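User: Please explain how the parts of this structure meet one another.
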Protein chains: 2
Amino acid sequence: MTQSSTDTDGSASHARKELIYQILRDRICAIEYPPGSKLRETDLAEEFEVSRTPIRNVLTTLEHDGLLAVKHGVGNVVSLVEPEELVEIYTVRMILAQSAGDFFASPFPEGTANQFVDYKEVFQALEPGDVVGFGRANICYYTGLISLITNSCLRDMMLKLFFQTSRMWLISLPSLDWSEVVVAVSDELDELTRLIRLEDPIGLGLAARNHIFMSRRRILAGLGISLTETRNPL
Amino acid sequence: MTQSSTDTDGSASHARKELIYQILRDRICAIEYPPGSKLRETDLAEEFEVSRTPIRNVLTTLEHDGLLAVKHGVGNVVSLVEPEELVEIYTVRMILAQSAGDFFASPFPEGTANQFVDYKEVFQALEPGDVVGFGRANICYYTGLISLITNSCLRDMMLKLFFQTSRMWLISLPSLDWSEVVVAVSDELDELTRLIRLEDPIGLGLAARNHIFMSRRRILAGLGISLTETRNPL
DNA sequence: AGTCTCAATGATGTATACAACTTGGCGCAT
DNA sequence: ATGCGCCAAGTTGTATACATCATTGAGACT
């Protein structure tokens, strides 16, 4: 459902709205639009060369996904996820990842392992402090990993939760040691690559669960510092 | 997120849209609008005494939730869930229910057990064959059960998946033995009531998981028959 | 009789004017 | 100087006219 509607939509307008949706979602999740940003409908309408109507349609969906807060007379502001809710989301993500092993395609598609090696190289090629680049790379990596799941319901759910937490993870990044994080992600990808080569889907799910656990630790550590420093993201 | 936005929205328009959303969602999930039905925007606009614009807004959300298929030039038709996808959703629901025990409010709120006794009486008072009444009762029951979960992310997720499967479950009902189903649901509620009185949240989650498993069995049995008989739900 | 074409119909999609709302600043009274 | 109130600017929300699309039926041609 939802974002998996890349199949025969038929109508061209659906495809266009889906495209705009994905673009805006990725911008929010890579904090090109950081939390607190206002997405002005007229601006977006001008950029995508449509009227406000289809833009508003997309914004409604983004609000339903928990990425935006639409406020009458104020603006469409990228929302912040409270630490308490963040922990809840991470907890559910861990549950899902732990159970996802049973639903990975086995054997893995040809070239999957090499794909993950590529992801790693992208991360390592990033300029230190390029948070947006890190976010985009992270979206690619996670989307690729989740696409290996055959249960479409589980897949959509994990994607949605990933997108909800992504921007908060990126916000916490500047408070952490960049090279340390890159090393951690590289090790993560090494482990996943190994498990894929070993054709161990259950292990892959468990490893993903552990990485989410570690990620939660890091993000909370980062936010614990930054929440008092940069209270106003604007 | 999503349907949990009953808190301080501020704007009255948000509240109105939320209300319309819940009404239409419940109608779909209780098959007052059975799969294949067309929801004409002008009709709904007239009923709720607004223009098509806010109605379309709600319909977009319902489509995103996987309840509607909006087709340009055709109509907004209540979608059917393919058996394959249905199994996937039920599988995820079982995973979530099984893990939900850790997140039930403990101790349970005062009067929770009596509430479940009431649910049981509602089911038993239904006239045989009143599928819509069964659907509405089921929505109440399940909403009440899930509201005991403290993890809001998990709660929203389970609710969403429940709403996705509800109409298919009701469609399969006429192919099953009514009194047998009522007895099964009554036993279900008895067991949940007992576990609530025992203050056993973990057991409650596991029992819910088992009931979802049984429900999946019944619904597939029902659809196995009705899928060939009532192919055109219109 | 059968089939193809096309126009009429009715639905959703889009654009735009206007209404409702929030916020900030300016001015006035205290 | 300060606090209060009101107005203006800017934003989202709504209503409506029109565009676009899919279906269906009649009619003409074969």
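The following exchange treats the DNA strand and the two chains in turn.

Analyst: This is a predicted model, in which local features need pLDDT of at least 70, side-chain atom pairs count only at pLDDT 80 or more, and totals for chains, interfaces and linings use all residues. Residues are numbered from 1 along each chain as its sequence is written, chains are lettered from A and ligands numbered from 1 in the order in which they are written, and side-chain values use heavy atoms, with hydrogens and water left out.

User: How many residues surround DNA strand D?

Analyst: A residue is near a strand if one of its heavy atoms lies within 4 Å of it. The closest residues are R40(A), R56(A), R16(B), S51(B) and T53(B). The number surrounding DNA strand D is 22.

User: Which residue has a polar side-chain atom 3.0 Å from a base oxygen of DNA strand D?

Analyst: Of the atoms of DNA strand D within 4 Å of the protein, 72% belong to sugar or phosphate and the rest to bases. A phosphate oxygen of the strand is 2.6 Å from a polar backbone atom of S51(B). The base oxygen, in turn, has a polar side-chain atom 3.0 Å away, and that atom belongs to H72(B).

User: What area is buried between chain B and chain A?

Analyst: Contact here means heavy atoms within 4.5 Å, and 33 residues of chain B contact 32 residues of chain A. Buried area is the accessible area (1.4 Å probe) that two parts lose on being put together, summed over both. Carbon and sulfur atoms give 63% of the total, which is about 2,900 Å².

Terms used
Polar contact = N/O pair within 3.5 Å; in protein donor to acceptor, adjacent residues only side chain to side chain.
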